[in-house]
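This report walks through one structure, starting from a single loop and ending at the nucleic acid. Have the sequence and the 3D view open side by side.

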There are 2 protein chains.
Amino acid sequence: MKTKRYTLKDIAELAHVSRGTVDRVVHGRGKVSKEAYSRVKQVLDKIDYQPNLVAQSLRKGVLHEIAVLMPGYNYEKYWKKPLLGVEKATNEYTPIGINIRTFLFNPSDSGSYREKYTKILNGRFSAVLVAPFFYKESLVFFEACKKSGLPYFTFNTYIENSGAVTHVGQDLVRSGRTAGSLMHKVLADGDEYLVVHINEELENSMHMQDKESGFRQFLAEAGVAPGQIHVLNIDISEKLEPPLLQKLGEVDALKGIYVTNSKVWMIAGILQQHELDRLLIGYDLLDENIQYLNAGKIDYLIFQNPQLQTSLGIQTIIDYLLFKQEIPDKTFFPVEIVIRENLKEFIT
Amino acid sequence: MKTKRYTLKDIAELAHVSRGTVDRVVHGRGKVSKEAYSRVKQVLDKIDYQPNLVAQSLRKGVLHEIAVLMPGYNYEKYWKKPLLGVEKATNEYTPIGINIRTFLFNPSDSGSYREKYTKILNGRFSAVLVAPFFYKESLVFFEACKKSGLPYFTFNTYIENSGAVTHVGQDLVRSGRTAGSLMHKVLADGDEYLVVHINEELENSMHMQDKESGFRQFLAEAGVAPGQIHVLNIDISEKLEPPLLQKLGEVDALKGIYVTNSKVWMIAGILQQHELDRLLIGYDLLDENIQYLNAGKIDYLIFQNPQLQTSLGIQTIIDYLLFKQEIPDKTFFPVEIVIRENLKEFIT
DNA sequence: ATTCATAATGTGCTCGTGAACACTATTTTA
DNA sequence: TAAAATAGTGTTCACGAGCACATTATGAAT
């Protein structure tokens with residue numbers, strides 16, 4: 001465990017050359033004779049040289065610059081938490097020579113996305129963490145990254161075969177299964193289930209499909225007939241109330257409602273207004289949702305820990321850059337179940 | 001945001017003195033004239049000097065040594081995870097000049113505890129993170145720490161008025177409430193509840209009391225009569241089976257069982273053997289528990305994330321030592337609810 | 001006024017790395 | 001063969017803080 005750390009000077013002595021030569025070998029700068037090279041190489045292979053990061057950092061001023069590309073929270077408040085995660089990581093890593101630059105784009109304007117990623121490509125970054133919000137534009141961006149040898153890491157939105165070193169996010173199918181299981185534990189045998197998708201133009205509808213399929217998957221395994229599961233697609237621009245009330249009127253045994261995104265508070269509001277009592281499950285710790293959770297109108301919230309997405313993402317990048325660690329191509333983090341009783345520690 | 005970092009040299013120039021004088025003022029080493037002192041002080045006040053940690057670390061070889069005092073996992077496998085947390089933190093912080101030394105004691109031998117903490121007191125540590133397993137011995141240790149000015153941080157076991165800078169742990173009352181709520185959501189109105197304490201000599205029984213009181217607290221608020229809640233105290237050296245079966249035979253409506261520690265798998269085994277079906281809630285992701293969770297015999301596990309206890313503890317210490325941050329006197333982390341469906345990400 | 005003590009201040013080296021630079025040895029070109 | 005080019009190697013400085021040591025200034029004592 002207590003392996004001595006070798007310095008360039010140590011190696012130089014062992015290989016009977018000067019520090020400069022060792023440096024040239026280590027960094028492959030050339031201008032080294034075959035004999036000197038092989039002697040240094042031999043020593044290097046034997047001792048597993050790890051450069052002193054502290055000294056590197058002191059010398060270079062800044063070891064790495066990392067870019068983060070994500071939507072600004074003034075457009076969508078969901079993004080406030082991920083930004084907090086970035087700030088946390090920034091505070092932690094700045095003193096050791098890692099600079100983090102944040103590029104916020106407008107999530108309803110792909111032009112602003114392009115503009116920001118161009119800046120990143122023109123900067124001199126060691127890596128980039130990106131929420132690939134726009135599909136087509138992201139593919140272009142990824143190609144450009146590859147061309148300039150810039151490693152990219154994605155979070156929040158998963159893109160198949162993106163070529164990213166790692167994706168950090170939540171397993172959506174699993175989160176749907178979790179919702180199904182939670183609901184199934186509480187509901188009785190004959191009760192029926194409702195899945196509500198509340199669409200926004202912005203949000204990726206793939207997300208919701210994955211969640212629904214996980215939900216159905218679990219219930220099927222638990223012996224719930226497909227006919228007991230109802231689905232409601234509502235666009236946010238329409239009124240939510242009429243279709244919901246209609247459905248609840250039609251199906252009397254409908255005892256559980258699963259809302260596949262953070263807009264669950266809207267449903268909670270309608271239920272409260274009409275004094276209806278249903279088991280209600282949704283996503284994310286928005287203020288509105290927390291309020292209804294505390295009031296007992298929402299039973300379970302599934303939490304993506306958006307803050308963790310970015311802080312974990314940045315940490316992964318640093319592991320990659322500094323320690324050349326083996327990085328898994330997907331880093332999932334837990335599907336957290338939040339009820340009123342364990343809420344507190346999640347929101348501080 | 002983009003505040004320039006001042007160096008000692010910068011300050012020296014601003015105050016028209018030499019680097020050495022600034023150094024003496026910053027460290028209060030004396031040998032400075034009143035005029036020079038006040039000039040430097042003035043500059044210092046204005047610019048908020050933050051010493052360059054990288055340079056400090058390089059110069060001093062190691063910035064801080066932190067001691068961790070906890071039980072070894074060869075005695076109790078529960079402690080394997082906290083140790084992993086220590087290792088994770090070690091890997092992360094060693095390259096920036098923070099050394100972490102672990103002292104493992106035998107949790108059934110207070111002598112070994114004393115022996116290890118003596119070593120720590122004789123070493124030159126900047127801080128210590130301790131699982132204060134033995135109450136009386138810990139008070140002695142804390143006194144000694146105070147005397148020698150060694151800041152101490154506790155985790156896992158909470159000691160009232162310990163004088164620790166921070167305690168890192170889980171809110172036990174809240175975890176009891178959570179168990180109560182989960183169970184109450186599923187059980188019907190007339191159903192009855194059972195709390196099982198499985199004692200080990202080693203474990204602090206305070207823990208279990210806090211959990212039970214949280215459990216009762218919640219159920220009382222939810223309108224469950226105290227008479228509907230039964231308690232079973234079993235010593236691990238006895239046979240668990242007879243008292244449990246007797247209780248279940250006596251009370252027919254007993255539909256939910258809450259085990260206040262990680263020994264829940266023992267109860268699950270008995271239920272399985274006798275083909276009994278009850279809602280079962282317990283603690284921690286031991287292999288045995290996971291097995292029963294997957295088999296559907298355990299419904300919910302409450303998870304303390306033991307790994308997080310130590311890694312968060314060490315991080316807190318570093319914030320304290322390096323950044324002199326305001327540290328809350330208690331750092332709680334979430335009461336995680338684990339079911340079969342969201343298990344996976346918690347165990348990797 | 002000169003010597004000595006001491007307070008106050010400045011200088012220089014160290015930590016390990018990176019990079020510019022200087023130097024030597026060998027080969028190429030006129 | 002002398003001059004020039006180039007390959008190979010070693011030396012030196014800088015990064016910022018900390019600390020030992022050298023230097024200077026100030027006052028006291030003879």
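Asn156(B) touches Tyr78(B), Trp79(B), His167(B), Val168(B), His207(B) and Gln309(B), with residues up to four places away in sequence left out. The model behind these values is predicted. Asn156(B) sits in the loop between β4 and β5 of chain B. Its relative accessible area is 15%, so Asn156(B) is buried, the limit being under 20%.

**The loop and its tyrosine**

Tyr158(B) is placed in the loop between β4 (152-155) and β5 (167-169) of chain B. Is Tyr158(B) buried, exposed or partly exposed? Its relative accessibility is 33%, so Tyr158(B) counts as partly exposed. Not counting residues up to four places away in sequence, Tyr158(B) touches His167(B) and Lys330(B). With Lys330(B) there is also a polar contact, side chain to side chain, at 3.4 Å. His207(B) is 49 residues from Tyr158(B) in sequence, yet the two C-alpha atoms are 8.9 Å apart in space. His167(B) is among the residues touched by Asn156(B), and Tyr158(B) touches His167(B) too.

**A histidine in strand β1**

His64(B) lies in strand β1 of chain B, residues 64-71. With a relative accessible area of 17%, His64(B) is buried. The side chain of His64(B) makes a polar contact with the side chain of Ser126(B) at 2.8 Å. Setting aside neighbours within four places in sequence, the contacts of His64(B) are Gly97(B), Ile98(B), Asn99(B), Ser126(B), Leu321(B) and Leu322(B). Ser126(B) therefore appears in that contact list and also as the polar partner of a buried histidine.

**Cores and cysteines**

In soluble globular proteins, nonpolar side chains tend to be buried together. Here the largest nonpolar core has 50 residues. Which residues have the most contacts inside it? They are Met70(A), Ile314(A), Met70(B) and Ile314(B). Ile314(A) is in contact with Val68(A), Val86(A), Ala89(A), Tyr93(A), Ile100(A) and Leu129(A), leaving aside neighbours within four places in sequence. A second, separate core holds 40 residues. Its members include Val195(A), Leu219(A), Val335(A) and Leu219(B).

Cys145(A) is buried, at 0% relative accessible area. Cys145(B) is likewise buried, at 0%. How many disulfides does the structure hold over all chains? The count is zero.

**DNA strand C**

Around DNA strand C there are 24 residues. The closest are Leu8(A), Tyr49(A), Gln56(A), Arg59(A) and Ser18(B). Of the strand C atoms that come within 4 Å of the protein, 57% belong to sugar and phosphate. α2 and α4 of chain A, together with α2 and α4 of chain B, each supply at least two residues of the surface near strand C. α2(B) gives the most, with four residues. By type, the residues of this surface divide into eight nonpolar, eight polar and eight charged.

**DNA strand D**

DNA strand D also has 24 residues around it. Those that come nearest are Ser18(A), Leu8(B), Arg19(B), Gln56(B) and Arg59(B). Sugar or phosphate makes up 58% of the strand D atoms within 4 Å of the protein, and bases make up the rest. The elements that each give at least two residues to the surface near strand D are α2 (19-27) and α4 (53-60) of chain A with α2 (19-27) and α4 (53-60) of chain B. Which element supplies the largest share of that surface? α2(A) does, with four residues. The residues near strand D split into eight nonpolar, eight polar and eight charged.

**Polar atoms facing the DNA**

The table lists distances from an N or O atom of a protein side chain to an oxygen of the DNA.

| Side chain | DNA atom | Distance |
|---|---|---|
| Asp23(A) | phosphate oxygen, DNA strand C | 3.4 Å |
| Tyr49(A) | phosphate oxygen, DNA strand C | 2.7 Å |
| Arg59(B) | base oxygen, DNA strand C | 3.4 Å |
| Thr21(A) | phosphate oxygen, DNA strand D | 3.3 Å |
| His27(B) | phosphate oxygen, DNA strand D | 3.3 Å |
| Tyr49(B) | phosphate oxygen, DNA strand D | 2.7 Å |

Tyr49(A) reaches a phosphate oxygen of strand C at 2.7 Å, and Tyr49(B) reaches one of strand D at 2.7 Å. For Arg59(B), the partner on strand C is a base oxygen. Arg59(B) is also one of the residues that come nearest to strand D.

Definitions and conventions
Residues are numbered from 1 along each chain as its sequence is written. Chains are lettered from A and ligands numbered from 1 in the order in which they are written. This is a predicted model: local features need pLDDT of at least 70, side-chain atom pairs count only at pLDDT 80 or more; totals for chains, interfaces and linings use all residues. Side-chain values use heavy atoms; hydrogens and water are left out. A disulfide is a pair of cysteine sulfur atoms within 2.5 Å. Buried means under 20% relative accessible area, exposed over 50%, partly exposed in between (1.4 Å probe, protein chains only). A residue is near a molecule or strand if one of its heavy atoms lies within 4 Å of it. A polar contact is a pair of N or O atoms within 3.5 Å; within protein, one must be able to donate a hydrogen and the other to accept it, and residues adjacent in sequence count only if both atoms are side-chain atoms. Ala, Val, Leu, Ile, Met, Phe, Trp, Tyr, Cys and Pro count as nonpolar, Asp, Glu, Lys and Arg as charged, and the others, Gly among them, as polar. A nonpolar core is a set of buried Ala, Val, Leu, Ile, Met, Phe, Trp, Tyr and Cys residues joined through side-chain atoms within 4.5 Å. Contact means heavy atoms within 4.5 Å.
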